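Thanks for coming, everyone. Please take a look at the screen before I start.

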2 protein chains.
Amino acid sequence: MSKATYTDPVGVNDATLHYLDVIYRLTQQSDAANTTEIAEKLGVTPSGASVMLRRLAERKLVQLTPYKGATLTPEGRRLALRTIRRHRLLEMFLHQVMGFAWHEVDDHAHALETAITEPIEDRMDEMLGYPTRCPHGHLIPRKDGTLPKVKDVPILSLAPGMRSVIRCVDTDNSDWLKYLGEQGLKPGAKVTLKGVAPYGGPVTIETSDGDVAIGQNLAELIYVEPE
Amino acid sequence: MSKATYTDPVGVNDATLHYLDVIYRLTQQSDAANTTEIAEKLGVTPSGASVMLRRLAERKLVQLTPYKGATLTPEGRRLALRTIRRHRLLEMFLHQVMGFAWHEVDDHAHALETAITEPIEDRMDEMLGYPTRCPHGHLIPRKDGTLPKVKDVPILSLAPGMRSVIRCVDTDNSDWLKYLGEQGLKPGAKVTLKGVAPYGGPVTIETSDGDVAIGQNLAELIYVEPE
DNA sequence: TTGACTTTTTAGGCTCGGCTAAATTACAAT
DNA sequence: ATTGTAATTTAGCCGAGCCTAAAAAGTCAA
């Protein structure tokens, strides 16, 4: 079992952690997070975000290039990964231990992610058997800030007919998650891509319950591990 | 199962809830909570508490008599009882479901009590079988704000030799709780007050593991139900 | 290169929950 | 009744995190 313990810089509070969290996620997709995107994700005006970003830069939590965008410093990344770890552990706990549906857990986990103590984080981890993924299949960062290595691939990148196992459904949209879950499309499900209709038409996927057809926008969210 | 749901006035946040919580507890012992006591419990200066109390009064959450003290309005009491309910449910959950020791749960519950959502509160309640007391024996307010009726009595008020069951250990001091727990003095234990030494000397209590002697200051924390 | 348009930052202000220092009020004892 | 002390409030300040409105910087097409 891990004995790692966090040591925090002063003044790390809810707002700070939510900014770091959002910046981390945005910098996964592009190389720098721009102010307007950050503001949108946080439900805040761009000017408000701009001011806050400057303060985070003063605190050495983000690297800021004015008019360009923000990146996390090592310290900022450490805090972001801690929040994400706690969020995903909470999602697993709410789902596995407390019986919440997989499309419900994101909101509740968000409410708790900046409030839980380290012993609670550790105890959840232990009770869950040190999971590597959340209910949607996102990776749970380890306490040392590393991520498990995986070979997830978009299901749409597969040759039709190839068997695979769903590993991740990459959205936090509750309605979509609920729908996909009802279609049997959630992590662990064995599926085969049967075909993609032309002109952005439906994608047909074979599951253990039969074939299902979903829109390409939804299919793009699904990542699998080929067999 | 209860279908009750809370409706909140605007701007009810962590600080507000902690003030209401402290005021509620202080007004259990005396008729009004005075500024300095509130400030001490919250780790804040009396002047800071004074300003905050005025604001709470403006929001109609407390009834304030300047230079005298504060009382909760019905709305303030409702919010305080909700926080206390959540705190004690969390303590039970941390103890029974997550395996934390009874002297550890107060701090962790405090960190979470203003963060949890109503569905989490309800689910914990359900998982715990709708408990009426926290691990230390304090009553858990119901969602409608009522408290279970009980007949707890200080163990020191009993005639020596009378058999009783511990119902509540009324402190949040972690060290004392740990010590009393190690002596077998926790809710549910069958005990008999054997005697009280004169001049504030030790109190002897018979437990199922034999006799234990504790100081009167600790014995005063113990409430029992006579058999 | 020059507009036109978008993005970002700055300027100035607001609320909340704190602080210290200085008044003020309450209270107890003479 | 008066005075000394303790409790409380007021005055003035600060920082965090947000806002709107206005200025500045970047971008892109003609």
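Which of the 24 residues around DNA strand C come nearest? They are A:Asn34, A:Thr36, A:Ser47, B:Ser47 and B:Gly48. Keep in mind that this is a predicted model.

Now the elements behind that surface. Chain A gives two or more residues from helix 2, 35–42, and also from helix 3. Chain B does so from helix 1, 14–29, and from helix 3. Helix 3 of chain A gives the most, with six residues. By class, the surface near DNA strand C has 10 nonpolar, 12 polar and two charged residues.

On to DNA strand D. Here, too, there are 24 residues around the strand, and A:Thr45, A:Gly48, B:Asn34, B:Thr36 and B:Ser47 come nearest. At least two residues each come from helix 1 and helix 3 of chain A, and from helix 2 and helix 3 of chain B. The largest share is six residues, from helix 3 of chain B. The classes are 10 nonpolar, 12 polar and two charged.

Last topic: a helix pair in chain A. The axes of helix 4, residues 74–97, and helix 5, residues 105–112, come within 9 Å. They cross at roughly 125°, so helix 4 of chain A is oblique to helix 5 of chain A. The crossing of these two helices is right-handed.

Who meets whom? Helix 4 of chain A brings A:His87, A:Leu90, A:Glu91, A:Leu94 and A:His95. Helix 5 of chain A answers with residues including A:Val105, A:Asp106, A:His108 and A:Leu112. That contact has five nonpolar, four polar and two charged residues.

Note on methods
Residues are numbered from 1 along each chain as its sequence is written. Chains are lettered from A and ligands numbered from 1 in the order in which they are written. This is a predicted model: local features need pLDDT of at least 70, side-chain atom pairs count only at pLDDT 80 or more; totals for chains, interfaces and linings use all residues. A residue is near a molecule or strand if its C-beta atom, placed from the backbone, lies within 6 Å of it. Helices (H or I, at least four residues) and strands (E, at least two) are DSSP runs, numbered from the N terminus. Ala, Val, Leu, Ile, Met, Phe, Trp, Tyr, Cys and Pro count as nonpolar, Asp, Glu, Lys and Arg as charged, and the others, Gly among them, as polar. Axes are lines fitted to C-alpha atoms, for helices over the stretch in contact, and angles run from 0 to 180 degrees between N-to-C directions. Angles under 35 degrees count as roughly parallel, over 145 as roughly antiparallel, 65 to 115 as roughly perpendicular and the rest as oblique. A crossing is left-handed if the near helix is turned anticlockwise from the far one by less than a right angle, and right-handed if clockwise. Two residues are in contact if their C-beta atoms, placed from the backbone, lie within 7 Å.
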